[in-house]
Amino acid sequence: MAASSDARTIDLFLDMLAAEQGAGDNTLNAYRSDLEDLAAFLARAKQDFARADTQALRDYLADLDHRGFKSSSVARRLSSMRHLFRFLLNERKRSDDPAAILAGPRRGRALPKVLSIADVDRLLAKAREFADRDQSPLQKLRAMRLWCLLEVLYATGLRVSELVALPVSAARRDARMIVVRGKGDKERLVPLNQSSRDAMAAYLAAAGSAREDKGEKAKPEPASKWLFPSSGESGHLTRQHFARDLKELAVAAGISPRLISPHVLRHAFASHLLHNGADLRIVQTLLGHTDISTTQIYTHVVEERLKSLVRDLHPLAEK
């Protein structure tokens, strides 16, 4: 169990991240989980954030390895530690930074799982097939929602947290761009294609039919401010619910559910754009990446396209 002083330190640190860096809920929750685990380890060794030395932090990293944590997870915990102790140093809660000289695990950056264009087409076709079935208004609504989610995700490359929290205003009939509020509460403009606009219009029509079927009077305004409303605490569909529905759709489309997730479709959006000639900087903007280095994970797609261009177009290339 973490000391009460460490618990207060974590709260202060998270308040700083939220206020000064605009960190979102998911980021804050990840930091809290990491640092509470560190605090609990230090407490068992009768230490805390104020007294821990570099060896204690090395012992913690070794403990993570002993517990079977992947190198990527250990690297994330190390990053959390570094941010915390830098904060304590800046706030003069400590006169040193015991995490500054720690070395992280060596790891290659894994390439993202990418679906082929044919796989995405199969998913979309199966979603449309389910949406077009003769079924009850509620079943129709659920099928329409999944089709709409899939169309919008592949058309925009939104993070799943951004997708499920879209406002209903994003589905305006004349909307060719939507404003997305992403990480750090930063806004960006993302274009919509005709397929995604058609899917949103059909989904909203199905939502109206479902309300009428329940005996609700038709209203000029939507029943919720969210495009994908839910009765849960957030008021909108959860990421987990969408992920489950997506895996079920993959099975129906003959694709292994292990290969499918909302994040994989975001990768497909980026990879397919780059494969067809999009500029890396444009893809960075569309994905909402602050740093181009984050987008450069897709450079393998660009490299393959360049090799193909040289092979096919260079006058001295082998025929």
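Student: Let's start with two rings in this predicted model. Which is it for Phe13 and Tyr31, buried or exposed?

Tutor: Phe13 is buried, and Tyr31 is buried too. For that label, a residue needs under 20% relative accessible area.

Student: How many aromatic pairs turn up in the whole structure?

Tutor: A search of the whole structure gives five. One of them joins Phe13 and Tyr31.

Student: What makes the Phe13 and Tyr31 pair edge-to-face?

Tutor: Check two numbers. The centres are 5.6 Å apart, and a pair needs them within 6.5 Å. The planes meet at 80°, and over 60 degrees counts as edge-to-face. So the Phe13 and Tyr31 pair earns the name edge-to-face.

Student: And where do those two sit along the chain?

Tutor: Phe13 belongs to helix H1 (residues 4-21) and Tyr31 to helix H2 (residues 25-44). They are 18 residues apart, and the pair links distant parts of the chain. Phe13 and Tyr31 also form one aromatic cluster with Phe87.

Student: Why is the pair of Phe41 and Tyr60 called tilted?

Tutor: Same routine. The ring centres are 5.4 Å apart, with the planes at 55°. Under 30 degrees would be stacked and over 60 edge-to-face, with the rest tilted. At 55°, the Phe41 and Tyr60 pair is therefore tilted.

Student: Which helices does that pair link?

Tutor: Phe41 is in helix H2 and Tyr60 in helix H3 (residues 54-66), 19 residues apart.

Student: How do you know that Phe41 counts as buried?

Tutor: Its relative accessible area is 14%, and the limit is under 20%, so Phe41 is buried.

Student: What about Tyr60, buried or exposed?

Tutor: Tyr60 is buried, because its relative accessibility is 1%.

Student: Over to helix H5. How do you know its length fits a helix of 16 residues?

Tutor: H5 (residues 117-132) reaches 22 Å from its first C-alpha to its last. That is close to the 22 Å expected at 1.5 Å a residue.

Student: Which residues of H5 are buried?

Tutor: Asp119, Val120, Leu123, Leu124, Lys126, Ala127 and Ala131.

Student: What puts them on the same side of H5?

Tutor: Their arc around the axis is only 160°, so they lie on the same side of H5. As background, an α-helix has 3.6 residues a turn, so residues three or four places apart point the same way.

Student: And what covers the buried residues of H5?

Tutor: The cover includes helix H6 (137-156), helix H9 (239-252) and helix H10 (262-275).

Note on methods:
Residues are numbered from 1 along each chain as its sequence is written. This is a predicted model: local features need pLDDT of at least 70, side-chain atom pairs count only at pLDDT 80 or more; totals for chains, interfaces and linings use all residues. Side-chain values use heavy atoms; hydrogens and water are left out. Rings of Phe, Tyr and Trp (its six-membered ring) pair if their centres lie within 6.5 Å; planes under 30 degrees apart count as stacked, over 60 as edge-to-face and the rest as tilted. Helices (H or I, at least four residues) and strands (E, at least two) are DSSP runs, numbered from the N terminus. Buried means under 20% relative accessible area, exposed over 50%, partly exposed in between (1.4 Å probe, protein chains only). The expected span of a helix is 1.5 Å times one less than its number of residues. The arc is that of the directions from the helix axis to the C-beta atoms. Contact means heavy atoms within 4.5 Å.
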